[in-house]
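Please walk me through this model in connected prose, beginning with the packing inside one chain and ending with the contact between the chains.

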Protein chains: 2
Amino acid sequence: MADFTLHEDPLSGNCYKIKLTAALLGVPLAIRQYDIRKGETRTPEFLAEINANGRIPVLQIDGGGDLRFLPESNAACWYLAEGSALIPGDRFDRADMLRWMFFEQYNHEPNIATLRYWLAFVGEAHLSDQQRAQIPAKRVAGEDALALMDEHLAAREWFVGDAVTLADIALYAYTHVAEAGCFRLRDRRNLCAWLDRIAALPAYVAMA
Amino acid sequence: MADFTLHEDPLSGNCYKIKLTAALLGVPLAIRQYDIRKGETRTPEFLAEINANGRIPVLQIDGGGDLRFLPESNAACWYLAEGSALIPGDRFDRADMLRWMFFEQYNHEPNIATLRYWLAFVGEAHLSDQQRAQIPAKRVAGEDALALMDEHLAAREWFVGDAVTLADIALYAYTHVAEAGCFRLRDRRNLCAWLDRIAALPAYVAMA
């Protein structure tokens, strides 16, 4: 078994996905923290050694002399979970799980995570005009993503099949803190019940 | 073997990914065309039956009485390619392939595909102020994505391992038409050599 180190910022939901996956699998993770607000993932050392894209999370996999780095939160979750029940055994369900993970990175994260970061951590007063101009479109797109999720969960407990998968973990990370970006959760009853279901999983860990 | 129907718009690089994957695999695909500029993927029928997210591509899988719909281009490519050489057999390489596919949907497509669509199909004169305000940031982020790809290809022929995978197909779709969004390709020599390598694959099909 390899040793794993997560290069992360504890504020990041993308990093939290990997910690939650590892916790549910019972896999130990060493942690190396960075502060993205101080540009710590854009240093020449980070770009050369950890991720040329200047982003966290990165999962470091130490296979005994064979050191590798895997960026992109959902790819890191996939790596950790291969062979476990967090990835469905059925071929369609496996692809459908990836479908929700791509939805998360395309329709959900750029809207919900970005507004959370801008409003709760940067602060509205410190946004550029260009950022401020994007808020209305991100607000609409983020609420649309949450509405679609709530509708999908009307007749089901989990996003794919009948058990928790990486699709749930990926979507949970920024959904459960979406109110910090001023998104509405409370009246989306299916979504709230699903959030509670995840938080009740054995071995669940909370975000920092 | 199931019958496959692709719900698509021939202008879309996301749809083209699936057609290229199917062609390389020798899998026949029936085609059902929509015009996204006329809102044909936002009709009540489309939202109810094909994709509640109102987007194409959607891969329709007819398993003999069992009809299923799979949105998200990269998930559809995964479904078609499972068990083939387009998905690496090595665990790290498989996750690393997904890493580039998530990179494509997060860092590449929202910038390069969007500016291509706005500039080449909508037309600069018809953009809203809000769209126009986003052009500079999308320009920088798209050029950054192309630069990162060019650098990654400096010492390798394919994005992952030593053969073509879904990572190459996913990234090829909007890269090879990036000049339509006024992105620079010609002086990125590694990237151009890789584009030629893909176009030379047996069974390659061109975009419509």
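**From the sheets to the interface**

In chain A, helix α3 (residues 73-81) lies across β1, β3 and β4 of the same chain and runs at about 130° to β4(A), where helices (H or I, at least four residues) and strands (E, at least two) are DSSP runs numbered from the N terminus, and where axes are lines fitted to C-alpha atoms, for helices over the stretch in contact, with angles from 0 to 180 degrees between N-to-C directions. A second helix, α4(B), packs on this sheet from the other chain, touching β3 and β4 of chain A, and its direction makes about 30° with that of β4(A); contact here means heavy atoms within 4.5 Å.

The model is a predicted one, in which local features need pLDDT of at least 70 and side-chain atom pairs count only at pLDDT 80 or more, while totals for chains, interfaces and linings use all residues. Residues are numbered from 1 along each chain as its sequence is written, chains are lettered from A and ligands numbered from 1 in the order in which they are written, and side-chain values use heavy atoms, with hydrogens and water left out.

The sheet of chain A is open and has four strands in the order β2-β1-β3-β4, with mixed pairing; two strands are taken to pair if DSSP finds at least two bridges between them. Because β2 (30-33) and β4 (67-71) of chain A stand at the edges, each with a single partner strand, one side of each is left without a neighbour in the sheet. Neighbouring strands of this sheet are turned by 20° against each other on average, direction ignored. Within the sheet, β1 (residues 3-8) and β3 (residues 58-62) of chain A pair in the antiparallel sense over five bridges, and F4(A) stands opposite I61(A) in β3(A).

Chain B can be read in the same order. Its open sheet of four strands is also arranged as β2-β1-β3-β4 with mixed pairing, and the edge strands, β2 (30-33) and β4 of chain B, each pair on one side only. Strands β1 (residues 3-8) and β3 (residues 58-62) of chain B form an antiparallel pair over five bridges, in which I61(B) is the bridge partner of F4(B). Helix α3(B) lies across β1, β3 and β4 of chain B at about 130° to β4(B), whereas α4(A), coming from the other chain, lies across β3 and β4 of chain B and runs at about 30° to β4(B).

We turn now to the interface itself. The contact takes 40 residues from chain B and 40 residues from chain A. The area buried between the two chains, that is, the accessible area (1.4 Å probe) that two parts lose on being put together, summed over both, is about 3,700 Å², of which carbon and sulfur atoms give 61%. F92(B), F102(B) and Y106(B) supply 21% of the area that chain B buries against chain A, more than any other three residues.

Between chain B and chain A there are two salt bridges, each a side-chain nitrogen of Lys or Arg within 4 Å of a carboxyl oxygen of Asp or Glu. In one salt bridge, the side chains of R94(B) and E82(A) meet at 2.9 Å, N to O. On the side of chain B that touches chain A, the elements giving two or more residues are β4 (67-71), α3 (73-81), α4 (91-122) and α5 (129-152) of chain B, and α4(B) gives the most, with 16 residues.
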